[in-house]
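The exercises below concern strand pairing and backbone angles in one protein chain. Work through each task before reading its solution.

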Amino acid sequence: MKKLILLLMGLLIGLLIFQSCSSDDNQNTVDDSNVNISKWINKKYTFSDYLTGNYDESGILTDSIEYTIVNNKITAFSGFTNINDVAKSVNGNISYSNNKITQYERYKNNQLVLKLNYQYDSSGELIEYKCSDWVTSSQEFEYFKSEFTHTTDTVFSKFFKSSNDIQYDLKSTSKIVLDENNNRLYNEVLSESGFTGIITSTYDSSNNMNSNNIYTNVVYNFTYSDVLNTEGFISNNTFGKKVNMLLFGEGSGFSPKRTSTNEIESVSSNNVANTYEYMLENESNQNNYSIRTSYKEKSGLAGRLEISEFEFE
């Protein structure tokens, strides 16, 4: 499941979210009535030794994806990914019904490798999420499913896994608490083995995540610039902010990219097992939305660079 989470975060990866005629679960305090995005290009580079390089586009290009945006939602994408020095074409599409995402399909070399389905109740709340994920080593699909029950102040979920899409085994249950702006404050996960993991988060008045405390062990802290987060705008329009908060629970140093109002300015963490250094650069247009973002991450001597460029109409 980790591969799936990383994939979707890069899409909209996080990604990978707001629009003037958006669905009810999108909360926004920014006037976006004149925002119309047409294209998003995302590229990722890796560096084996950043000390000897310029830490720019001279690195190894591992992913290059171009997203087509209609009504500030992703409708299709294409490009390539480089896995173990083997380049594969990537393309896919996203379907909607009643302004909500219903299906996501991703292909590599024209073979379906990922299919996501979203089902809602009559109130528009997500009640089931299914994933079909192609496993290269076994040459077959693995299947995952999450079921959601919504109460006044808490969402309860069950996570299942299957090898045949018929018989599903329960793997974990979760209790998720959101605030009035659909910011996830609390996520408690109980696995089948008896492990309990709790994730708590805090937010500022602009709905930007201030801190993310993962399993009471690793804490990420964030500060933000005044530049508005275009990737988050697209992601919340594509998936819906509440859906994002329900499906992507653990997060990482850059997890707020999916949902925050503003662009991240700095990241700090007490994670002593992995020491990271982040360098963030943002360029904005006349409406203060980011038109180019650059995230540079160093870990030891290795590093990676992710660049996003956005076109507006």
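**Exercise 1: pairing around β12**

Strand β11 (residues 184-191) and β12 run antiparallel and are joined by five bridges. The model is a predicted one.

Task: Determine how many bridges join β12 to β13, and which residue is the bridge partner of T200 in β13.

Solution.
1. β12 and β13 run antiparallel, with five bridges joining them.
2. The bridge partner of T200 in β13 is N213.
3. On the β11 side, N187 has I199 of β12 as its bridge partner.
4. Four residues separate β11 and β12 in their hairpin, and G194 in that turn has a positive phi of about 100°.

**Exercise 2: the two faces of β12**

Task: State which side chains of β12 point to the buried face.

Solution.
1. The side chains alternate along β12.
2. G197, I199, S201 and Y203 point to one face and are buried.
3. T196, I198, T200 and T202 point to the other face and are not buried.

**Exercise 3: two asparagines with positive phi**

Task: Locate N207 and N288, then classify N207 as buried or exposed.

Solution.
1. N207 sits in the loop between β12 (196-203) and β13 (209-214); this hairpin has five residues between its strands.
2. Phi of N207 is near 65°, a positive value in a residue other than glycine.
3. The cut-off for buried is under 20% relative accessible area. N207 has 5% relative accessibility, so N207 counts as buried.
4. N288 lies in the loop between β16 (276-284) and β17 (290-299), and has a positive phi of about 70° although it is not a glycine.
5. The relative accessible area of N288 is 28%, so N288 is partly exposed.

Methods
Residues numbered from 1 in each chain as written. Predicted model: local features only at pLDDT ≥ 70, side-chain atom pairs only at ≥ 80, totals over all residues. Heavy atoms only, no water. Buried < 20%, exposed > 50% of the residue type's maximum accessible area, 1.4 Å probe, protein only. Pairing = 2+ DSSP bridges.
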